[in-house]
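Student: Could you take me through the salt bridges in this model, one pair at a time? I would like to see where the partners sit in the chain and how covered they are.

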Amino acid sequence: MSQAKTAEEISKHVESIGPWFHQIDLGDGLFTRSIAPSPGPQPLNHPVPRWKKIESVLPADLSGLRILDLGSSDGFFSLEMARRGAKEIVAVDGAGKAIKRLEWVTRHLGLSTIRPVLADVYSLPQDLGEFDFVLMFALLYHVKEPLLCLETVSRLSDTLFLETIAVRDEENSHLKLQLPRTGVNVIPKWFPTTRCLKDMLHWVGYDEIREISDGQDERPIYKAVRKELA
Ligand SMILES: C[S@@+](CC[C@H](N)C(=O)[O-])C[C@H]1O[C@@H](n2cnc3c(N)ncnc32)[C@H](O)[C@@H]1O
């Protein structure tokens, strides 16, 4: 922790590098979004309500593991992985300002196990290495080429935890594009059916695909595993 700085100095700095997509606990009663929240429909404590659904389905002890948090944004999930003892978390995001915020958070909290990396999912650095698992939360619906994105991810680890928005339909394999409503949201979004999601995961090489969320949520969480080739 940067003890030398006052709460006022920290708040000013947090505001200057914001606005923040993630509510991150900075200690001493300071929280990023309480100081400078990004505009949008997310609650002030975003993504804490989502984390409450996710935390129990992820491994509790990550000692010794290397993890890739793809589309990390400000790093809320990377920080949770660090709390669970991961050896290294590589946090990749294509938004330079988000990576700068995470760099500051890791310095402020004195965390050496998180490595923020500015990169696009389609042109990841060659030297990232292999990972025990990849977290890909709320990213698939944003990327221009979802299948290519999943194929890229599948080369980096045999295990993927994927959370995305999906339409619950186990029969029909469709991928629907929702165009932005002018002036509201500039990013188009992909909504696959759950059948389509499983088909895509299967096609890129995962052979065990299991939903680990409750089977009702509009944001299902899948654990996809590629087993050792015999
Ligand atoms: C909706 S946010 C999700 C952040 C976090 N994973 C979560 O679940 O709260 C999507 C993030 O993905 C990043 N992103 C979108 N397209 C990307 C791409 N092609 N390569 C890398 N990052 C991307 C955005 O900058 C943004 O930070």
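Tutor: Here is a walk through three pairs, followed by a look at the chain around them.

Keep in mind that this is a predicted model. Side chains of opposite charge can pair when their charged atoms come close. In this structure there are 14 salt bridges, and we can pick out a few of them.

Let's start with K100 and E103, whose closest N and O atoms are 3.9 Å apart. The cut-off for a salt bridge is within 4 Å, so this pair counts. Where are K100 and E103 in the chain? Both belong to helix 5, which covers residues 96–109, and because they are three residues apart there, about one helical turn separates them. As for cover, K100 is exposed, at 57% relative accessibility, while E103 is partly exposed, with a relative accessible area of 25%.

Now go to helix 7, residues 194–203, for D199 and R195. Their side chains form a salt bridge with an N to O distance of 3.1 Å. D199 and R195 are four residues apart in this helix, which means that about one helical turn lies between them. D199 has a relative accessible area of 32% and so is partly exposed; R195, at 26%, is partly exposed as well.

The next pair is E163 and R219, with 3.5 Å between the closest N and O atoms. This salt bridge links distant parts of the chain, as its partners are 56 residues apart. E163 is in strand 7 (residues 159–163), and R219 is in the loop between strand 10 (208–211) and strand 11 (221–225). Are these two residues buried or exposed? Both E163 and R219 are buried. They also belong to a network of salt bridges that includes R50.

Finally, let's step back to the chain as a whole. It has seven helices and 11 strands, and 48% of its 230 residues are buried. Among contacts with a separation of 6 or more, 60% are between residues 24 or more positions apart. The radius of gyration is 18 Å, which agrees with the value near 17 Å for a compact globule of 230 residues. Along the principal axes, the C-alpha atoms fill a box of roughly 55 × 45 × 35 Å. For charge, there are 28 positive and 32 negative side chains, and 3 Å lies between the centres of the two sets.

Note on methods: Residues numbered from 1 in each chain as written. Predicted model: local features only at pLDDT ≥ 70, side-chain atom pairs only at ≥ 80, totals over all residues. Heavy atoms only, no water. Helix = DSSP H or I, 4+ residues; strand = E, 2+ residues; numbered from the N terminus. Buried < 20%, exposed > 50% of the residue type's maximum accessible area, 1.4 Å probe, protein only. Rg over C-alpha atoms; globule rule 2.2 N^0.38 Å. Contact = heavy atoms within 4.5 Å. Lys, Arg positive; Asp, Glu negative; His and termini not counted. Charge placed at Lys NZ, Arg CZ, Asp CG, Glu CD.
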